[in-house]
Amino acid sequence: MSEDTSDAAPAPEAANDSAVTAVAGPDVPPDRLAINPRSPHFDADKLQRGIGIRFKGAVRTNVEEYSISEGWIRVQAGKTKDRHGQPLTLKLSGPVEAWFEDLGEDAPIAQKD
């Protein structure tokens, strides 16, 4: 019986791996992503991989949220808080590029065409 169970167990894992690969396609970050868990654009799995952001040609490490297609980033405005205790952010417009840092230096870059 243990042989039947061991044969059955790898099949679902293999099916899940192939499904993830087929859905992922090119390995680039999403068009919009936020680090605030309250945001509908928050994705912990993608954030754990590490996202590199280049805004107007300079690499930025203080980005709270970004949108590649709309061409903007949100950065925290010092230590200022809003009335709900959340960091006050500024929206800066310009060209945005994003990549996964865990892929190394040759990582595919997501940018507006």
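Here are some short exercises on this predicted model, each with a worked solution.

**Exercise 1. Find where in the protein the confidence is lowest and where it is highest.**

Start with the overall picture: the average pLDDT of the protein is 82, and 78% of the residues score at least 70. Next, go element by element. Helix H2, residues 10-24, comes out lowest with a mean of 36, while strand E4, residues 63-67, comes out highest at 97. Now look around that helix: residues 1-25 have a pLDDT below 50. Apart from near neighbours in sequence, this stretch makes zero contacts in the model.

**Exercise 2. Work out the strand order of the open four-stranded sheet, and say which strands stand at the edges.**

Step one is the order, which reads E3-E2-E7-E8, with antiparallel pairing. Step two is the edges: E3 (58-60) and E8 (110-111) each have a single partner strand, so one side of each has no neighbour in the sheet. Step three zooms in on one pair. Strand E2, residues 51-55, meets E3 through three bridges in the antiparallel sense. There you'll find Ile53 of that pairing facing Arg60 in E3.

**Exercise 3. Trace how E4, E5 and E6 are linked.**

Take E4 and E5 to begin with. Strand E5 covers residues 72-81 and pairs with E4 in the antiparallel sense over four bridges. Glu65 sits opposite Arg74 in E5. The two strands make a hairpin with four residues between them, and Gly71 in the turn has a positive phi of about 70°.

Then move on to E5 and E6. These run antiparallel too, joined by six bridges, and Trp72 is opposite Ser93 in E6. Here the hairpin has five residues between its strands, with Gly85 in the turn at a positive phi of about 85°.

**Exercise 4. Describe the largest pocket: its volume, and the strands that supply its lining.**

The volume is about 260 Å³. For the lining, check the residue list, which includes Ala34, Ile35, Asn36, Glu64, Glu65, Arg74, Pro87 and Thr89. Now match residues to strands: E4 and strand E6 (87-93) each give at least two residues to the lining. Notice that Glu65 and Arg74, the opposite pair from the E4-E5 hairpin, both turn up in this lining.

**Exercise 5. Which charged residues sit over rings, and how many aromatic pairs are there?**

First, Arg49 lies over the face of Phe100, 3.8 Å from the ring centre. Second, the ring of Trp72 has the charged end of Lys91 over it, 4.7 Å from its centre. Last, count ring-with-ring pairs, taking centres within 6.5 Å as the cut-off: the count is zero aromatic pairs.

Terms used:
Residues numbered from 1 in each chain as written. Predicted model: local features only at pLDDT ≥ 70, side-chain atom pairs only at ≥ 80, totals over all residues. Heavy atoms only, no water. Phe/Tyr/Trp six-rings, centres within 6.5 Å; stacked < 30°, edge-to-face > 60°. Lys NZ or Arg CZ within 6 Å of the ring centre and 35° of its normal. Pairing = 2+ DSSP bridges. pLDDT = per-residue confidence, 0-100. Contact = heavy atoms within 4.5 Å. 1 Å grid on protein atoms, 1.4 Å probe; cavity = no way out; pocket = protein on both sides within 12 Å on 5 of 7 lines; lining within 4 Å. Points joined across faces, edges and corners; volume = space filled by probe spheres on them.
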